[in-house]
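Dear colleague,

Please find the structure below, handed over for your own reading. An account of what was found in it comes after.

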Amino acid sequence: MTENLDFLQASDLIGNQLKITVKDGRRLTGILLALDNKPNLLVNNVIEHTDDGAGSERQRELGLVSVAVTSLEKVEILKEDLDKTVEWKSKLL
């Protein structure tokens, strides 16, 4: 179902859980609440995942976080959430 995504905009992902990798290697998971015109991301219920250097992962709850677009390395969404978003958006077109 997710073959052509050209009609999606970043704002269509609001309300979905994202996995974000920032340039310093940290990984964040949380729910996208808003985007500004840059587009920086406002993400809620954020959990930060970092490697402790000994092969273990450390987690900490951050809550509401603004992630600068300049710090983004990768943004991912679960396939199931993407499929639901595509289905919803295609009904609007």
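The notes that follow go from the chain as a whole to its sheet and then to an annotated stretch.

Please bear in mind that this is a predicted model. The chain contains one helix and five strands, and from the N terminus the elements follow the order β-β-β-β-β-α. Along the principal axes, the C-alpha atoms occupy a box of roughly 50 × 25 × 20 Å. Of the 93 residues in the chain, 30% are buried. The exposed area of the chain is about 6200 Å², with 50% of it supplied by carbon and sulfur atoms. Among the contacts with a separation of 6 or more, 46% are between residues 24 or more positions apart.

The five strands form an open sheet in the order 4-3-2-1-5, and their pairing is antiparallel. Strand 4 (57-67) and strand 5 (72-77) are at the edges; each has a single partner strand, so one side of each lacks a neighbour in the sheet. From one strand to the next, the twist averages 30°. In general, the strands of a sheet pair through backbone hydrogen bonds. Here, strand 3 (residues 41-51) and strand 4 run antiparallel and are joined by nine bridges. Within this pair, D51 stands opposite E57 of strand 4.

Finally, an unreviewed UniProt entry lists residues 11-67 as "domain: Sm". Over residues 11-67 the chain is 65% strand and 0% helix, and the C-alpha atoms at the two ends of that stretch are 15 Å apart.

With kind regards

Notes
Residues are numbered from 1 along each chain as its sequence is written. This is a predicted model: local features need pLDDT of at least 70, side-chain atom pairs count only at pLDDT 80 or more; totals for chains, interfaces and linings use all residues. Side-chain values use heavy atoms; hydrogens and water are left out. Two strands pair if DSSP finds at least two bridges between them. Helices (H or I, at least four residues) and strands (E, at least two) are DSSP runs, numbered from the N terminus. Axes are lines fitted to C-alpha atoms, for helices over the stretch in contact, and angles run from 0 to 180 degrees between N-to-C directions. UniProt positions are given in the numbering used here, feature names are shortened, and annotations may be inferred rather than shown by experiment. Buried means under 20% relative accessible area, exposed over 50%, partly exposed in between (1.4 Å probe, protein chains only). Contact means heavy atoms within 4.5 Å. Accessible areas come from the Shrake-Rupley method with a 1.4 Å probe; for residues, only the protein chains shown count as cover.
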